[in-house]
Amino acid sequence: MTALAVVLAALGACGYAVGARLQHAAVHDTIDGRGLGLRHQAQLIRNPRWLSGLAALGSGALLHACALGLAPLSVVQPIGVLALPITVLLNLRQQGIHARDLSPNVALAVAAATGGVAAFVVLAAGSATATPVAGDDQLLATQLVAGAVLALGVLAVLTRSKMRCIFFAAGCAVAYGYVSLLMRAIAQQLGTTDLLDINPLPVLGIVVAMLVGGWLLQHGYASGPPDLVVACLTVIDPLVAVGLGIGLLGEADHVSTWTATGEALCAVIACAGVFALARYHPDTQESRVPATVTGSSDLAGPSSTDRPDGSST
């Protein structure tokens, strides 16, 4: 069963990567270098490529859920971060860049983000103690997440360059991490409560969080490369989910000091990998070349002859 779970989780990661690539391309084809307005969002719902990406993402999520039912979390969850290197390779292929030409800084950034979050999840899954999700905990989590998502959204609106992409994607990841907490609350009710007596508020919270997260995700695609968006999701989502479990549910009350230190170090390494990827990504480097030649500031951004994916015409 474990071998089958590994295969399903790997296929799920491929689904995440392909879905991100398809939706990113659909978003940039729709906006054509402009912002993602309401009219463009309505067009995306009818875009076959965007819908194909949504189907790929949904299939990946379903395969990952099936894998979790066949093997422990510590085995399955780290495999999901394979979506990051797969997305990087797909993006490089789309831009006509060979993997052997990839900058060592980008490769190290991807390795840090992928390895850091995988080690973090393994440590957390192996040391955390399961605890019930009380109603007060859900309310506090809702308030914290709503504040964090709002703050990240405001920062994204006020920011330009690749940081805008990071803030939008981070807001989506925080919302999705909150979904994990609510799904656990619902799962606990299913085992102890009649179906008609289940509290509907967590279900409503999941729907709202998925809609808000999906909206932020599309703006993340419109603001930067797909591998940077996936990096934020694969790093911040599990960090938020585990953080809520530790901070609100007391899942780490019996964790040793050395394990907690290791988890903190892994989280720092993973986040550093995301910021390094934003700094050394080929799209970022290409946008700086024209500014250097003309003597203008690096903050000037890509020229009007650049395509939405960051490459020059």
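V154 sits in helix α7, residues 135–158 (helices being DSSP runs of H or I with at least four residues, numbered from the N terminus). The model is a predicted one, so local features need pLDDT of at least 70 and side-chain atom pairs count only at pLDDT 80 or more, while totals for chains, interfaces and linings use all residues. Residues are numbered from 1 along each chain as its sequence is written, and side-chain values use heavy atoms, leaving out hydrogens and water.

With 41% relative accessibility, V154 counts as partly exposed (buried is under 20% relative accessible area, exposed over 50%, partly exposed in between, with a 1.4 Å probe and protein chains only). V154 joins L150, V157 and L158 in a nonpolar surface patch of about 410 Å². Such patches take residues with over 30% relative accessible area and no salt bridge, nonpolar side chains being joined within 5 Å and like charges within 9 Å; a salt bridge puts a side-chain nitrogen of Lys or Arg within 4 Å of a carboxyl oxygen of Asp or Glu. The areas come from the Shrake-Rupley method with a 1.4 Å probe.

Turning inward, the largest nonpolar core has 67 residues (buried Ala, Val, Leu, Ile, Met, Phe, Trp, Tyr and Cys joined through side-chain atoms within 4.5 Å). Helix α8 (161–192) gives the largest share of this core, 16 residues. L84, I236 and L277 have the most contacts inside the core.

Helix α10 covers residues 226–247, and its end C-alpha atoms lie 31 Å apart, in agreement with the 32 Å expected for 22 residues (1.5 Å times one less than the number of residues). Since 17 of those 22 residues are buried, α10 is largely enclosed by the rest of the structure. Helix α11, residues 257–280, also fits: 34 Å is expected and 34 Å is found between its end C-alpha atoms. Among the buried residues of α11 are A270, G273, V274 and L277. L277 lies 169 residues from L108 in sequence but 8.6 Å away in space, C-alpha to C-alpha. L108 belongs to helix α6 and counts as exposed, at 59% relative accessibility.

As for the cysteines, a search of the whole structure turns up zero disulfides (pairs of cysteine sulfur atoms within 2.5 Å). The sulfur of C165 has its closest cysteine sulfur in C232, 6.2 Å away and too far for a bond. For C172, the nearest cysteine sulfur is that of C232, at 9.7 Å. C165 is buried at 0% relative accessibility, and C172 is buried at 0% too.

Technical notes: Helix = DSSP H or I, 4+ residues; strand = E, 2+ residues; numbered from the N terminus.
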